Amino acid sequence: MRRKREGVKIVKTKDRDKLMVVATSLMKIMEQPRTSGGGDFPILPEEKSHYFNGYQVGFGGGDVVVTLIRNGTPTITLNASFTTAKSFAIALSDTIGKLERCAEHQIMTIDQVDTARKVFDESK
């Protein structure tokens, strides 16, 4: 007997080989990248993810170069076509803008944090 539930086939069988095929298929489904925040995009496992708190951007004749920095140390360089880089920048801006509107709070930029830090240091 076969039926579908949330896109997964549920199979009742006493056939051991068929059961192994179903179990293997389920394991493959479970190994697929997770999604978060209601989006349909992959969240890779921690060993394939990368945190950064700084960046440098430049460009050449045919692409944009972004070096990601963590705690002052360059960690990885990304290269993207101009079209991909612009589309990515718009997607990031749209996502942050939506968060700011929902939270009714504007997230500070690095320049704004640096200005506030200078004011803080001068007030000591």
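**Contacts and exposure in a predicted chain**

A search of the whole structure, which is a predicted model, finds one aromatic pair.

Colleague: Which geometry does the aromatic pair of phenylalanine 59 and phenylalanine 82 have: stacked, tilted or edge-to-face?

Modeller: The ring centres of phenylalanine 59 and phenylalanine 82 are 6.5 Å apart, and their planes make an angle of 65°. Planes over 60 degrees apart count as edge-to-face. The geometry of the pair is therefore edge-to-face.

Colleague: How many residues apart in sequence are the parts that this aromatic pair ties together?

Modeller: Phenylalanine 59 belongs to strand β3, which covers residues 54–59, while phenylalanine 82 belongs to helix α2, which covers residues 82–103. The pair therefore ties together parts whose separation in sequence is 23 residues.

Colleague: Is phenylalanine 59 buried or exposed?

Modeller: Its partner, phenylalanine 82, has a relative accessible area of 39% and is partly exposed. Exposed means over 50% relative accessible area. Phenylalanine 59 has 70% relative accessibility, so this residue counts as exposed.

Colleague: In which order do helices and strands follow one another along the sequence?

Modeller: The chain contains three helices and five strands. Read along the sequence, their pattern is β-β-α-β-β-β-α-α.

Colleague: What percentage of the residues in the chain is buried?

Modeller: The chain exposes about 11200 Å², of which carbon and sulfur atoms supply 57%. Buried means under 20% relative accessible area. Of the 124 residues in the chain, the buried ones make up 7%.

Colleague: Is threonine 67 buried or exposed?

Modeller: Threonine 67 is placed in strand β4, residues 63–70. Its relative accessibility is 18%, and a residue under 20% is called buried. Threonine 67 therefore counts as buried.

Colleague: With which residue does the side chain of threonine 67 make a polar contact?

Modeller: Leaving out residues up to four places away in sequence, threonine 67 touches Gly54, Tyr55, Gln56, Pro74, Ile76 and Thr77. A polar contact of 3.1 Å joins its side chain to that of threonine 77.

Colleague: What is the approximate area of the nonpolar surface patch that includes Val57?

Modeller: Valine 57 is in strand β3. Valine 57 has a relative accessible area of 55% and is exposed. Together, Phe52, Tyr55, Val57 and Ile110 make a nonpolar surface patch of about 400 Å².

Colleague: Which residue's backbone nitrogen lies 2.9 Å from a polar atom of the side chain of glutamate 100?

Modeller: Glutamate 100 is located in helix α2. Apart from neighbours within four places in sequence, glutamate 100 is in contact with His105, Gln106 and Ile107. The backbone nitrogen at 2.9 Å from a polar atom of its side chain is that of isoleucine 107.

Colleague: Which residues does glutamine 106 touch, not counting residues up to four places away in sequence?

Modeller: Glutamine 106 lies in the loop between α2 and α3. With a relative accessible area of 57%, glutamine 106 is exposed. Ten residues separate glutamine 106 from isoleucine 96 in sequence, and their C-alpha atoms are 9.0 Å apart in space. Beyond the four-place limit, the residues touched by glutamine 106 are Glu100 and Gln112.

Colleague: Which residue forms a salt bridge with arginine 117?

Modeller: Side chains of opposite charge can pair when their charged atoms come close. A search of the whole structure finds one salt bridge. Its closest N and O atoms are 3.4 Å apart, and the partner of arginine 117 is aspartate 114.

Colleague: Why are arginine 117 and aspartate 114 separated by about one helical turn, and in which helix do they lie?

Modeller: Arginine 117 has a relative accessible area of 48% and is partly exposed. Aspartate 114, at 30% relative accessibility, also counts as partly exposed. They are separated by about one helical turn because they are three residues apart in one helix, residues 110–122, named α3.

Colleague: What distance separates the C-alpha atoms of tyrosine 51 and threonine 75?

Modeller: Tyrosine 51 is found in the loop between α1 (16–31) and β3. This tyrosine is exposed, with a relative accessible area of 52%. Tyrosine 51 and threonine 75 are 24 residues apart along the chain, and the separation of their C-alpha atoms is 9.4 Å.

How values were computed:
Residues are numbered from 1 along each chain as its sequence is written. This is a predicted model: local features need pLDDT of at least 70, side-chain atom pairs count only at pLDDT 80 or more; totals for chains, interfaces and linings use all residues. Side-chain values use heavy atoms; hydrogens and water are left out. Rings of Phe, Tyr and Trp (its six-membered ring) pair if their centres lie within 6.5 Å; planes under 30 degrees apart count as stacked, over 60 as edge-to-face and the rest as tilted. Helices (H or I, at least four residues) and strands (E, at least two) are DSSP runs, numbered from the N terminus. Buried means under 20% relative accessible area, exposed over 50%, partly exposed in between (1.4 Å probe, protein chains only). A polar contact is a pair of N or O atoms within 3.5 Å; within protein, one must be able to donate a hydrogen and the other to accept it, and residues adjacent in sequence count only if both atoms are side-chain atoms. Contact means heavy atoms within 4.5 Å. Patches are made of residues with over 30% relative accessible area and no salt bridge: like charges are joined within 9 Å, nonpolar side chains (Val, Leu, Ile, Met, Phe, Trp, Tyr) within 5 Å. Accessible areas come from the Shrake-Rupley method with a 1.4 Å probe; for residues, only the protein chains shown count as cover. A salt bridge is a side-chain nitrogen of Lys or Arg within 4 Å of a carboxyl oxygen of Asp or Glu.
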